[in-house]
Amino acid sequence: SGSTRRWNPATAAAAAATAEAPHALRKEQQPRTGPLGVGDRVILARGYESDDVVKLGPLKVGVVGEVVEVLDGPEPLKVLANGELWHYERGALVREGQEQEPISLHPGARVDASNARLGLLVVRGKDWFRGDQDGGAGNVGVVMIVDDIPEGRIGVLWPPSSTARRYSAGAGGQYELQIAPGRTQPLLPPGTLVNASNATLGLLVERGRDWHRGNDDGGPGSVGVIVDFVDDCLVVNVFWPLVRTLANHRVGTNGMFDLQAASLQDTSQRAKAASSLASAQVQHKTPRACPLDVGDRVILAHGYESDEAVKLGPLKKGVVGEVVEVLDGPQPLKVLANGELWHYERGALVREGQEQPREAEYKGSPG
């Protein structure tokens with residue numbers, strides 16, 4: 001809670017000395033540079049004020065906080081603001097009074113300390129010099145390691161490889177990566193069981209209903225990122241940053257579902273940047289993508305037959321439709337069924353004949 005603010009005698013003494021110094025002397029002091037550390041007064045970086053997860057925290061436009069602890073993990077900065085403690089990733093904060101550039105999360109933007117985040121989909125950028133280490137031009141990688149951002153480096157895995165390699169995201173003035181082209185998708189609502197239809201490359205996940213792997217994920221509350229699909233998309237390969245391991249997890253095998261969408265409202269070990277993940281359906285080479293796509297024959301997911309909004313559409317129990325277009329927005333799947341077109345969200349549909357959870361975790365609505 002806010003009452004647990006850490007007191008640092010050295011910081012307190014320095015602050016007192018500064019307060020007693022003449023005004024002219026204080027003006028001549030050089031601003032601190034380098035990675036944020038304990039005692040730094042911080043504000044939100046430009047562009048983060050509208051982030052859905054950051055909105056839940058105490059830092060708002062015009063509010064100044066103080067870094068009270070620096071931890072490991074994707075959100076290492078513990079900040080005290082308005083009497084409340086909150087965890088932030090490094091890219092979300094800047095020092096009070098620091099000049100900053102607008103953050104860019106658009107496809108084609110260079111990847112640097114301002115926008116690098118767990119689960120971000122990337123391709124080779126302007127300073128790429130590593131040949132086909134990425135699997136070839138246009139192949140899509142997943143950012144897996146962000147601990148080295150203060151040094152201008154990030155770790156990326158290029159499916160189907162199982163090895164993450166580090167690349168420059170500002171180190172030495174080099175930017176080897178850029179955000180992958182393609183349209184963005186909304187997150188799955190927290191707690192949604194992950195299955196073969198809604199799993200996407202870069203999706204942030206946590207242990208779900210049928211979890212059976214002990215603390216292989218790093219412990220309760222740990223967040224992982226989907227980096228590849230195997231076994232006809234009934235199994236996904238997940239990287240768990242806290243323990244730096246890759247593991248396969250069931251998303252439909254024998255009716256078992258090990259994962260659910262990460263509950264991003266819980267911030268202590270959350271990777272905030274999921275809200276801006278690029279879709280796995282990029283317009284270049286894409287690792288075995290399993291989300292529903294044009295031409296897929298679909299039925300309603302269990303539990304959606306009784307949803308009031310879904311009832312208005314052409315899909316009913318026993319009726320099979322076909323995806324004819326995939327768009328942006330909360331109901332991206334345009335489906336033709338019984339001669340009628342209707343828009344559905346991803347969680348409302350599964351492929352015909354696919355194993356699926358027995359309960360629906362969130363609801364759909366017409367487009």
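Select Trp 240 to begin: at 0% relative accessibility this residue counts as buried. The model is predicted, and every value quoted on this tour is computed from it. Trp 240 belongs to strand 13 (residues 235-240). Now add Trp 211, which lies in the loop between strand 11 (204-207) and strand 12 (224-230). Trp 211 has 15% relative accessibility and therefore also counts as buried, the limit being under 20%. Display both rings: Trp 211 and Trp 240 form an edge-to-face aromatic pair, with 5.8 Å from centre to centre and 80° between the planes. Because one ring sits in that loop and the other in strand 13, the pair ties together parts that are 29 residues apart in sequence.

**Further aromatic pairs**

How many aromatic pairs does the structure hold? There are four. For another of them, select Trp 128 and Trp 158, whose arrangement is edge-to-face, at 5.9 Å centre to centre and 80° between the planes. This pair links distant parts of the chain, 30 residues apart. Trp 128 is in the loop between strand 6 and strand 7, and Trp 158 is in the loop between strand 8 (153-157) and strand 9 (164-168). Are these two residues buried or exposed? Trp 128 counts as buried at 13% relative accessibility, and Trp 158 counts as buried at 3%. Extend the selection to Tyr 167, since ring pairs link Trp 128, Trp 158 and Tyr 167 into a cluster.

**Strand 6 and its partners**

From Trp 128, move to strand 6 (residues 121-124), which runs antiparallel to strand 7 (residues 141-145) and is joined to strand 7 by two bridges. Select Leu 121 here; opposite this residue, in strand 7, stands Val 142. Next, show strand 10 (residues 177-179), which is joined to strand 6 by three bridges, again in the antiparallel sense. Which residue of strand 10 stands opposite Val 123? The residue to select is Gln 178.

**Strand 1**

Go to strand 1 (residues 41-44) and select Leu 44. Leu 44 counts as buried because its relative accessibility is 7%, where the limit is under 20%. Add Gly 91 and display the C-alpha atoms: those of Leu 44 and Gly 91 are separated by 9.0 Å, although the two residues are 47 residues apart along the chain.

**The five-stranded open sheet**

Now display strands 16 to 20. These five strands form an open sheet with antiparallel pairing, in the order 19-18-17-16-20. At the edges are strand 19 (340-344) and strand 20 (349-351), each of which pairs on one side only. From one strand to the next, the twist averages 45°. Within this sheet, select strand 16 (residues 297-300) and strand 17 (residues 321-326), an antiparallel pair with two bridges. Arg 297 has Glu 322 of strand 17 as its bridge partner.

**A nonpolar surface patch**

Continue to strand 18 (residues 333-337) and select Leu 336. Leu 336 counts as partly exposed because its relative accessibility is 38%, which falls between the 20% limit for buried and the 50% limit for exposed. Which residues make the nonpolar surface patch of about 230 Å²? Add Val 324 and Leu 341 to Leu 336 to display the patch. Val 324 falls within strand 17 (residues 321-326), and Leu 341 within strand 19 (340-344). The tour ends on this patch.

Conventions: Residues numbered from 1 in each chain as written. Predicted model: local features only at pLDDT ≥ 70, side-chain atom pairs only at ≥ 80, totals over all residues. Heavy atoms only, no water. Patch = residues over 30% accessible without salt bridge, like charges linked within 9 Å, V, L, I, M, F, W, Y side chains within 5 Å. Areas by Shrake-Rupley, 256 points an atom, 1.4 Å probe, with all protein chains shown as cover. Salt bridge = Lys/Arg side-chain N within 4 Å of Asp/Glu carboxyl O. Helix = DSSP H or I, 4+ residues; strand = E, 2+ residues; numbered from the N terminus. Buried < 20%, exposed > 50% of the residue type's maximum accessible area, 1.4 Å probe, protein only. Pairing = 2+ DSSP bridges. Axes fitted to C-alpha atoms, helices over the stretch in contact; angles between N-to-C directions. Phe/Tyr/Trp six-rings, centres within 6.5 Å; stacked < 30°, edge-to-face > 60°.
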